[in-house]
Number of protein chains: 2
Amino acid sequence: MAKRTAQRRAIVGELRECDAAVTAQELHERLDGVGLATVYRNLQRLADEGEADTIRRENGEQAFLVCERGHHHHLVCRSCGRVEDVRDCELDGWARKVARKRGFSQVEHRAELVGTCSQCRAA
Amino acid sequence: MAKRTAQRRAIVGELRECDAAVTAQELHERLDGVGLATVYRNLQRLADEGEADTIRRENGEQAFLVCERGHHHHLVCRSCGRVEDVRDCELDGWARKVARKRGFSQVEHRAELVGTCSQCRAA
DNA sequence: CTTTGTGCAAAGGCTTTGCATGCTT
DNA sequence: AAGCATGCAAAGCCTTTGCACAAAG
């Protein structure tokens with residue numbers, strides 16, 4: 001089981017305070033006295049344990065965020081990067097229908113909504 | 001405007017024959033006498049021009065595929081990687097609803113369906 | 001005391017870029 | 001002839017890994 005080190009606590013703490021998804025490097029910059037490799041290792045582990053979700057930015061960077069358990073999607077602000085969890089998913093019917101039509105089985109789906117949040121819209 | 005070189009033709013030709021999305025490196029392996037950098041440059045360009053679509057694999061690699069113009073999604077086989085274009089999109093209503101509820105504007109959505117194609121299911 | 005985590009630096013993997021050369025137009 | 005594409009190798013980035021040391025259980 002995971003040991004409770006000061007670094008791990010710092011990483012988890014900072015991650016929880018983020019509205020947007022962050023990369024290991026970004027988190028490393030915000031934390032003092034935590035090595036970059038340690039940040040990478042902890043984030044990877046949190047993701048493996050299901051404690052954190054990961055997304056890929058367009059440039060391929062891996063960003064992490066703490067989010068709800070279970071099936072959900074993300075609503076991302078294109079301006080500030082804020083991420084909101086969306087539990088309300090109405091895609092399953094559509095997914096099944098499309099899959100059946102094409103002869104695919106065991107369908108899963110992934111979706112992401114991108115928009116401009118009210119705060120950024122005002123600015 | 002793009003010059004018609006032998007390499008570019010080879011790249012585009014091979015790309016069109018792919019059922020699945022391919023990375024620059026994979027394409028480079030399949031082509032003889034085409035430098036890796038050239039493959040990267042041409043794929044990037046095709047994507048910029050809208051002639052090719054790009055997806056990110058879990059490990060962050062960028063893979064390319066030729067696909068339909070306009071709004072569509074992808075149905076991907078988790079076994080063989082085959083990609084089928086899906087024009088039938090019923091997500092807009094849902095996307096708008098969710099966005100409005102959260103105060104987001106100018107929503108776009110991205111979705112991906114993953115399943116097992118009939119061929120792979122049989123095997 | 002044993003096990004696991006951390007730091008640092010080196011190594012890895014994918015992608016981009018600089019520069020001289022060759023092919024298109 | 002002028003300009004853009006190609007090749008090769010070097011450089012860039014993000015991420016992972018090896019190893020010695022430190023901390024946790």
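Along its sequence, chain A of this predicted model follows the order α-β-α-α-β-β-β-β-α-β-α. The secondary structure thus listed amounts to five helices and six strands. Measured out along the principal axes, the box filled by the C-alpha atoms of chain A is roughly 55 × 45 × 25 Å.

Chain A has 123 residues, of which 40% are buried. Among the contacts in chain A with a separation of 6 or more, 45% are accounted for by residues 24 or more positions apart. The accessible surface of the chain is about 7200 Å², and carbon and sulfur atoms contribute 43% of that area. Chain A also carries 21 positive and 20 negative charges, and the mean positions of these two sets lie 5 Å apart.

Attention now turns to a single residue of chain B. H109(B) lies in strand β6 of that chain, which spans residues 105–116. Is this histidine buried or exposed? H109(B) counts as buried because its relative accessibility is 11%, under the 20% cut-off.

The side chain of H109(B) takes part in polar contacts with two other histidine side chains. One is with H71(B), at 3.1 Å; another is with H73(B), at 3.2 Å. Which residues does H109(B) touch, leaving aside those up to four places away in sequence? Within chain B, they are H71(B), H73(B), C89(B), L91(B), D92(B) and A95(B). From chain A, E112(A) and L113(A) are also touched by H109(B). The buried strand residue H109(B) therefore has contacts in both chains.

Conventions. Residues numbered from 1 in each chain as written. Chains lettered and ligands numbered in written order. Predicted model: local features only at pLDDT ≥ 70, side-chain atom pairs only at ≥ 80, totals over all residues. Heavy atoms only, no water. Helix = DSSP H or I, 4+ residues; strand = E, 2+ residues; numbered from the N terminus. Buried < 20%, exposed > 50% of the residue type's maximum accessible area, 1.4 Å probe, protein only. Contact = heavy atoms within 4.5 Å. Areas by Shrake-Rupley, 256 points an atom, 1.4 Å probe, with all protein chains shown as cover. Lys, Arg positive; Asp, Glu negative; His and termini not counted. Charge placed at Lys NZ, Arg CZ, Asp CG, Glu CD. Polar contact = N/O pair within 3.5 Å; in protein donor to acceptor, adjacent residues only side chain to side chain.
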